[in-house]
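Please open the model in a viewer and keep the selection panel at hand. The tour proceeds from the whole chain to individual sheets and then to the interior.

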Amino acid sequence: MMLPVLLLSALVAQAVEPVRFRETAATAGVKFVLDNHASPDKQMIETMAGGMAAFDYDGDGRTDLFFTNGAAIPSRKKEAPKYWNRLYRNVTEPGGAIRFQDVTEQAGLAGEGYSMGAAAADFDNDGHVDLFVAGVYRNLLYRNLGNGKFEEITGKSGIQSDIWSVAGGWFDYDNDGLVDLLVVNYSNWSAEANRFCGDTARKIRVYCHPKYFDPVPNQLYRNLGGGRFQDVTAASGIGGSKGRGMSVAFADYDNDGRIDAFVTNDNLPNFLFRNLGGGKFEETGLLAGAALLDNGKPVASMGADFRDYNNDGQPDIIVTALAGETFPLFRNDGKGGFRDQTFASRLGPQTIRRSGWGVGFIDFNNDGWKDLFTANSHVNDIIGMFEALPYKEPNAVFANLGNGEFRDDSATFTLSRAHRGAAFADFNGDGRMDVAVSCLNEPAELWENVTGGGHHWIRLMPRGVKSNRDGIGARFRIGTQSNWMSPSVSYASSSHAGVHFGLGRQAGAVDVEVVWPSGHKQVEKIPGVDVVHVIEER
């Protein structure tokens, strides 16, 4: 006798360990408040600050936190310490509570200008993770000197600051062993050109609709080595597509050995840049089925992640958007295309009244299936005057049931704030992935994962030899699970903390298959579980 579908789904849901968190930012010493210089003028850039990065800047094996920050408007200058970007060093002791120290001044990362996004990677292959910061007409490239300090080298690097940039992402598009930089741009903007949007009769001003901001191309910089980059935007074909870019995520979606790029666009079709090889890209979002929902309408696409949620070996795409639009989920069909699974996965009804920014496919309960986290808030700070929707919202997490569906497990998220970026790492080394979230004009949040269940895990730290040292673009497989080494995840954010696998009840030796960006394939046997394992390219 076959069980009814609904009953079977309920039994599956009961068997999946609930995901649980507790907020620990204050006790951990993370006292960052993002100042977006909110003003009565409702400048559009105020709504979109909040990118961040989780990465081990000092090489001590503990993941640190970097937050971008705003600046005064219209000067776009960090006129006071309240506008500084901030770096927090992870000083957590083994087995102890999570602890961070503010090391911004020592590291030289206070920054300049109105900053938006962050992207971490070792662009010079010297063993120290470097940092790119995207901003409004002020991008910053920092070289990690390896002594706790960073050197700002933007001017001599060849990277420009000639537009409003929101995000950046590192990937080795030509597989030459040096990671390249894709800069995501929103529009040409100026404080002086700000128009009045809203209800003139009642003198209620709101942030203008994106349609008033002209779309622009993104920019691609090829890494030449020695801290120098070449603008190949036009030559690569990237410059042929104009959008209002918000975030970028990378994966080889068509399994041709070349990394592709997915870019979210605000109220325009999303871009899927297919890497053709030879330094060329083709925009295939519409043809591949990843540009729009099945209803054919663009949404206010914010953050994105590009990973395999259903363990079929193909990287899928998740996007956050505004209330009424759902959080679109595109399943890779393995034939070069994507299928809209937003409602089939049950994410449709569970996200229809939510607005999201940061996002990530992360296995929080270590059961072998990637769950979904979203950092939530509406973009309109007075939306409640026009619709029955909140501006500030709690974050959300959806447990992956392993049958193509997700369950809302957001009960422990109780703080309603204007959330923006999110970064993911195991900050205390207990094998459970934690989350840090930025918030406009309120304290950042640090959500420690306290999920039970006793499941096993492995974290892989790739070290390329023929490939780039970070192993960015390497594809890993354990059993039916697959994952990519790609720090580009969330909204304008970066999580550079290796590749995490939940293993469920699996114990003993684990076979790991990895395909490096160089094309070299190797299999490595790891003798035990619940470990961080450095896997070197041979």
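Begin with the whole protein in cartoon view: it has seven helices and 40 strands, these being DSSP runs numbered from the N terminus (helices H or I of at least four residues, strands E of at least two). The model is predicted, so local features are reported at pLDDT of at least 70 and side-chain atom pairs only at pLDDT 80 or more, whereas totals for chains, interfaces and linings use all residues. Residues are numbered from 1 along each chain as its sequence is written, and side-chain values use heavy atoms, with hydrogens and water left out.

**Overall form**

The C-alpha trace spans about 65 × 55 × 50 Å along its principal axes. Buried residues (under 20% relative accessible area, with a 1.4 Å probe and protein chains only) account for 62% of the 538 residues.

**First sheet**

Select residues 164-171 and 228-231, which are β10 and β16, the edge strands of an open sheet. Its four strands follow the order β10-β11-β15-β16 with antiparallel pairing, where pairing requires at least two DSSP bridges between two strands. β10 and β16 each pair on one side only. From one strand to the next the twist averages 30°, taken between lines fitted to C-alpha atoms in N-to-C directions, on a scale from 0 to 180 degrees.

Next, add residues 180-187: this is β11, joined to β10 by seven bridges in the antiparallel sense. Serine 165 has asparagine 185 in β11 as its bridge partner.

**Second sheet**

Now select 356-362 and 406-408. These are β26 and β29, which stand at the edges of an open, antiparallel sheet ordered β26-β27-β28-β29. Each has a single partner strand, so one side of each is left without a neighbour in the sheet. The twist here averages 20° from one strand to the next.

Within this sheet, display β27 (371-376) and β28 (396-400), which run antiparallel and share three bridges. Phenylalanine 373 stands opposite valine 397 in β28.

**Interior**

Which residues touch the most other members of the largest nonpolar core? Show Met48, Leu65, Trp164 and Leu446, which do so among its 82 residues. A nonpolar core is a set of buried Ala, Val, Leu, Ile, Met, Phe, Trp, Tyr and Cys residues joined through side-chain atoms within 4.5 Å. Strand β18 (245-251) supplies the largest share, five residues.

Centre on methionine 48: its contacts (heavy atoms within 4.5 Å) include Met116, Trp164, Met246 and Trp357. Finally, select Phe123, Ala134, Leu181 and Trp516, which are among the 31 residues of another core, lying apart from the largest one.

Note on methods
Buried < 20%, exposed > 50% of the residue type's maximum accessible area, 1.4 Å probe, protein only. Lists of a residue's contacts leave out its neighbours within four places in sequence.
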